[in-house]
Structures are given as C-alpha cells and as structure tokens.
Amino acid sequence: MLDDKPEASCQQMPAQPKLIYVINSMDRGGAELGLLHLVRAGMFQGFDLKIISLVRGQGGVETALEKEGVSIEFLRDVRQMGVVDLAVAFFKLLGIFRRERPRVVIASLPQSNIISRLALLSSQETILVTFEHSIRLAKPVYEVLYKWTGSKVDWVFGDSEVTLQEALRSRYVHAPRKSSFVPLLELPAPCTKKVRKCGEPFRVITAARFTKEKNLEVVIKAVAELRAQGHEIELTLYGEGPGEEAYRSLAKSLCVTEQVLFPGFVEDWATNPADLFVVASHREGLCLALAEAMNAGIPAVAPLIGGINDYADSSMLEVLSAVDAETIAHAIRLVKQDWQRALVKADLAQKLISQRFGKEKVRQVIGELNLQLRRELETYT
C-alpha cells in the first residue's frame with residue numbers, strides 16, 4: 001500500500017545577486033579581453049552576471065563570452081560610438097537598472113563609467129564599482145564628470161597599482177570606501193625561447209588596437225628609417241582598429257609595404273617567431289600585450305608609463321625616453337646589434353612576469369576579490 005504522506009515541498013534555492021558589468025563595446029582590446037579573463041577566472045562566481053555593451057563595436061569578444069554562458073545585451077548595434085549613441089545608451093541603461101535592480105554594477109572605461117554613475121544617482125541599493133584602466137582620460141570633460149559623479153562610487157578597481165593610485169589621487173574629491181588591484185590577465189606557462197636564425201630579417205612586432213593612443217605610426221616610420229640605413233628588418237602589426245587604413249597608406253608612402261605586415265587580430269600572436277616587441281603608446285594601463293610578450297621570452301622596448309611600471313624596469317627591457325620614430329629606431333638598432341644582451345633582459349622579464357601573473361597567483365587574487373564582493377553585499381545598505 002502506498003504511503004499517503006504528502007510530497008515534501010521543494011525548497012526554493014535563494015536567487016543569486018544580480019551583477020551587471022557595463023562596458024563600451026565588444027572590441028578585441030585590453031579591457032574587453034580582460035573581462036573575458038575575469039569570467040574564466042571565476043571573478044563572478046555566485047552572481048547572476050549580465051554584461052551590457054553600449055555599442056557592438058568591431059565585435060569579436062562576445063562569441064567567447066557567450067560560450068562561457070554569459071548573457072550580453074547591446075544597447076546600440078553600431079560599430080563606433082557617437083554622441084547620439086551615448087545619449088540613447090544612457091536612457092536604455094537607466095531603464096535596465098530600474099527594471100532589474102542589480103545589487104552590483106561594475107563599469108569599465110570612461111563612457112560606461114560616466115553614464116552608469118548618472119543612471120544610478122538616485123539608487124541607494126546598488127554597489128557601484130568603477131574600473132580604471134588608464135592614468136589619463138582621453139578628454140578633459142571626462143575628468144570633470146568623473147569628479148562630479150565620484151561620490152556615487154563605492155569601490156574602485158584598477159588593472160595596475162599605478163593606475164589605481166593615480167585615479168584615486170586625481171579623479172575623486174573624496175576617496176571611495178574601497179579600492180583594489182584586479183589583474184586582467186592570466187599568463188600561460190612561459191614559452192620556450194625561439195633562437196634567431198642568421199640571415200633572416202630582424203623581426204619586430206607589435207600587438208595593439210590601431211588607435212591614436214597606441215601611436216603605431218612612429219614604429220612604421222622607425223622601420224622605414226632603419227631600412228633606409230641598410231638594416232634588414234620586418235615589422236608585423238598584430239591587431240585591428242580604425243587606424244589600419246592610415247597605417248597601410250603610411251607604409252606605402254615610405255616604400256615599406258612589403259616589410260610591414262598586417263595579419264589582423266591573432267589570438268596566439270606571442271607564439272609566433274619574433275626578435276623584438278615594441279610599445280610606442282602615449283599612455284597605458286596594464287599593457288596586456290607587453291606582459292604577454294615578456295612571458296613569451298621576446299625582448300622588448302617600451303616607455304615606462306602607466307601600469308608598465310608595476311612589472312618592468314630597465315633590467316628587463318630597453319626603456320624608451322620618448323615615443324618618436326628617431327628614438328624607437330635607435331632602440332631597435334641597439335637591440336639588433338647586441339641581441340644576446342637583450343635576451344639576458346628577456347630571461348629576467350620572463351621569470352618575473354610569470355611569477356606575478358601566473359595562473360596560481362592570479363586565481364588566488366580573483367578568488368579573494370570575489371569573496372570580498374559577496375561579503376560587501378551583506379553589509380551594504
């Protein structure tokens with residue numbers, strides 16, 4: 001005979017707190033790829049994560065994020081953000097915040113930061129985290145808006161210690177309650193170094209978004225200058241972005257079209273043959289690409305700016321005193337003439353960068369941040 005006992009009522013699992021991550025676009029740049037790393041490293045474990053992208057942009061990162069099971073909503077289906085797009089995105093974001101009432105909002109990059117702060121001005125129930133990626137903001141108006149809305153920020157993330165401290169010093173009248181360094185990359189085990197073959201052109205590479213801040217035109221000019229001096233040299237520009245057409249035109253005008261290569265975005269570019277990696281940026285945060293090059297054992301030349309100061313010095317790379325074509329050409333020439341000396345620096349760089357951004361170390365930091373964020377929800381009112 002069957003028991004007449006009523007079925008035990010299923011206990012409903014408590015809902016995970018809603019966390020919305022707001023970012024400008026899904027371009028394959030440092031901040032976007034950094035978000036992908038954070039998802040994979042478990043930064044949002046225990047949260048109901050939703051990503052809001054103000055515009056679609058060039059795209060490329062959303063596919064990998066969706067494979068991780070993350071929900072992404074695009075507020076504007078355009079490739080580049082204009083003033084109208086930003087205004088429309090603000091009102092859409094305001095509606096999303098009011099409807100979904102997230103417990104945490106993390107805003108990455110200036111435009112996303114500013115409209116997220118404005119949209120949350122009247123909210124008293126949401127923890128607002130701002131993610132700082134650069135020491136200097138691109139426009140003076142951003143500086144003004146950052147300071148005006150700074151009181152709304154509860155927590156500041158920085159992708160390097162230098163970026164974090166400078167942001168706290170210059171962008172807030174009163175410092176937010178909490179601040180944390182958040183590593184945006186997790187490096188694989190160091191690669192086996194490649195031996196340079198005699199007779200080959202000296203292989204210079206860069207890897208970056210093709211934007212004005214990355215200043216890659218001076219690297220093309222430096223290579224053209226060295227070619228004119230009789231140096232066998234080849235430049236590969238890994239990446240994509242709005243500056244590509246101008247870079248191709250410049251290479252053509254300098255008669256180095258065959259020596260300047262544009263393979264596009266290549267995910268594992270650091271595993272390809274290379275003799276020297278060059279950074280020519282006007283400003284940087286963490287500079288993911290330089291860290292990846294160092295981890296691959298590739299000698300490097302770079303200015304000590306922004307977050308690069310966190311993990312590099314003159315013992316690990318050739319330091320650029322300026323980011324103009326003449327200075328870069330001189331640095332490339334020095335490395336080419338004494339490549340063994342450059343390899344000694346690269347050995348040290350590889351050892352130290354893998355210790356700082358190796359998987360075990362980074363996962364420990366991300367795990368602690370996740371725990372802090374969940375504990376903050378328990379005390380936030």
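So, how are α1 and α12 oriented to each other: roughly parallel or roughly perpendicular? Keep that in mind while we walk through this one, which is a predicted model.

Let's start with the sheet. It's an open one with seven strands, paired in parallel, and the order goes β3-β2-β1-β4-β5-β6-β7. At the edges sit β3, residues 71-76, and β7, residues 178-181, and each of those pairs on one side only. If you ignore direction, neighbouring strands here are turned by 20 degrees against each other on average.

Zoom in on one edge. β2, which covers residues 48-55, pairs with β3 in the parallel sense, over five bridges. Want to find one on screen? Look for Ser 53, whose bridge partner in β3 is Phe 74.

Now the helices on the sheet. Helix α3, residues 83-100, packs there and touches β1, β2, β3 and β4. Its direction makes about 140 degrees with that of β3. Then there's helix α4, residues 110-119, lying across β1, β2, β4 and β5. α4 runs at about 145 degrees to β4.

Okay, back to my opening question. Helix α1 is residues 30-41 and helix α12 is residues 359-379; they pack at an angle of about 80 degrees, with axes 10 Å apart. Angles of 65 to 115 degrees count as roughly perpendicular, so that's what α1 and α12 are to each other.

Who's touching whom? From α1 you've got His 37, Leu 38, Arg 40 and Ala 41, and from α12 it's Val 362, Arg 363 and Ile 366. Sort the residues of that contact by type, and you get four nonpolar, one polar and two charged.

Definitions and conventions
Residues numbered from 1 in each chain as written. Predicted model: local features only at pLDDT ≥ 70, side-chain atom pairs only at ≥ 80, totals over all residues. Heavy atoms only, no water. Pairing = 2+ DSSP bridges. Helix = DSSP H or I, 4+ residues; strand = E, 2+ residues; numbered from the N terminus. Axes fitted to C-alpha atoms, helices over the stretch in contact; angles between N-to-C directions. Contact = heavy atoms within 4.5 Å. Parallel < 35°, antiparallel > 145°, perpendicular 65-115°, else oblique. Nonpolar A, V, L, I, M, F, W, Y, C, P; charged D, E, K, R; others polar.
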